[in-house]
Amino acid sequence: MTVRLDPLAAAPSLMKEWHRASLAIAGSLDPALAELIEIRSSQINGCANCINMHSTYARERGETEQRIYLLSAWREAPCYTDRERAALGWTEALTRICEGHTHEAAYEALKPHFSEEERVKLTLMINIINGWNRIAVGFGGFVDPALVKAANKAAVAQAANKAAAA
């Protein structure tokens, strides 16, 4: 993949805010569930960068190879909980929203497993990863997950320092 544009260099303050928001939103969900959402959406969008990154992070958090490999066939695989299935269905419905408004059943499936607040958090997470997919695919980005992890750690530390100073 050829990098067409480095969005971090082209619009650093906006990208910093996007990054900050994405960390806050991802941090509001169970990390294991967030990684499944990020991988599945990235598979649908064909984002090699995000598939690579979030598969790496999922493994670091203890996700099994089996569950990562079977994610594209989650409906047929017996290794996902009903809660995860509801989240994955919602992820697919929103990621593929342009294919038709078939999200009603997916939304109804969320209700027994997620509170209203959790549904908002889940929806924001899906929006964030779809945005990252479009940034990476659109600009030809591919980065080492270790570099992103270090940047995330620095961003979290900077936010904590700002909060402590306030």
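**Notebook: helix packing around helix 8**

Helix 3 and helix 8 are oblique to each other. I record at the outset that the model is a predicted one.

**Entry 1. Helix 3 against helix 8.** I looked up the geometry behind that description. Helix 3 covers residues 31–45 and helix 8 covers residues 116–139. Their axes come within 9 Å and cross at roughly 45°. Angles of 65 to 115 degrees would count as roughly perpendicular and those under 35 degrees as roughly parallel; the pair is therefore classed as oblique. For the handedness, I noted that helix 3 passes helix 8 in a right-handed crossing.

I then listed the residues that make the contact. Helix 3 contributes Ala 34, Ile 37, Glu 38, Ser 41, Ser 42 and Asn 45. Helix 8 contributes Leu 122, Met 125, Ile 126, Ile 129, Asn 130, Asn 133, Arg 134 and Val 137. Sorted by class, the residues of this contact are seven nonpolar, five polar and two charged.

**Entry 2. Helix 4 against helix 8.** I next turned to helix 4, residues 48–60, which packs with helix 8 at an angle of about 125°. The axes of the two are 8 Å apart. That angle makes helix 4 oblique to helix 8. On the helix 4 side I found Asn 49, Cys 50 and His 54 in the contact; on the helix 8 side, Ile 129, Trp 132, Asn 133 and Ala 136. The classes here are four nonpolar, three polar and no charged residues.

**Entry 3. Asn 133.** I examined this residue because it is listed in the contact of helix 8 with helix 3 and in the contact of helix 8 with helix 4, and as a WHY-type check I asked how accessible it is: Asn 133 has 1% relative accessibility and therefore counts as buried. Asn 133 is found in helix 8. Leaving aside residues up to four places away in sequence, Asn 133 touches Ser 41, Ser 42, Asn 45, Cys 47, Cys 50 and Gly 138.

**Entry 4. Ser 41.** I followed one of those partners into helix 3, where Ser 41 lies. At 0% relative accessibility, Ser 41 counts as buried. With residues up to four places away in sequence again left out, Ser 41 touches Thr 91, Thr 95, Ile 129, Asn 130 and Asn 133. I also took a C-alpha to C-alpha distance from Ser 41 to Ala 163: the two are 32 Å apart in space and 122 residues apart in sequence.

**Entry 5. Glu 84.** I looked up a charged residue in helix 6, residues 82–95, where Glu 84 has its place. Its relative accessibility is 13%, and the cut-off for buried is under 20%, so Glu 84 counts as buried. Beyond residues up to four places away in sequence, Glu 84 touches Leu 33, Leu 36, Arg 67 and Cys 79. Glu 84 and Ala 32 are 52 residues apart in sequence, yet their C-alpha atoms are 9.7 Å apart.

**Entry 6. The whole protein.** I closed with the overall figures. The secondary structure comes to nine helices and zero strands, in the order α-α-α-α-α-α-α-α-α along the sequence. The C-alpha trace spans about 40 × 40 × 35 Å along its principal axes. The radius of gyration is 16 Å, which agrees with the value near 15 Å for a compact globule of 166 residues. Buried residues make up 38% of the 166. Of the contacts between residues at least 6 apart in sequence, 69% join residues at least 24 apart.

Technical notes
Residues numbered from 1 in each chain as written. Predicted model: local features only at pLDDT ≥ 70, side-chain atom pairs only at ≥ 80, totals over all residues. Heavy atoms only, no water. Axes fitted to C-alpha atoms, helices over the stretch in contact; angles between N-to-C directions. Helix = DSSP H or I, 4+ residues; strand = E, 2+ residues; numbered from the N terminus. Parallel < 35°, antiparallel > 145°, perpendicular 65-115°, else oblique. Left-handed = near helix turned anticlockwise from the far one by under 90°. Contact = heavy atoms within 4.5 Å. Nonpolar A, V, L, I, M, F, W, Y, C, P; charged D, E, K, R; others polar. Rg over C-alpha atoms; globule rule 2.2 N^0.38 Å. Buried < 20%, exposed > 50% of the residue type's maximum accessible area, 1.4 Å probe, protein only.
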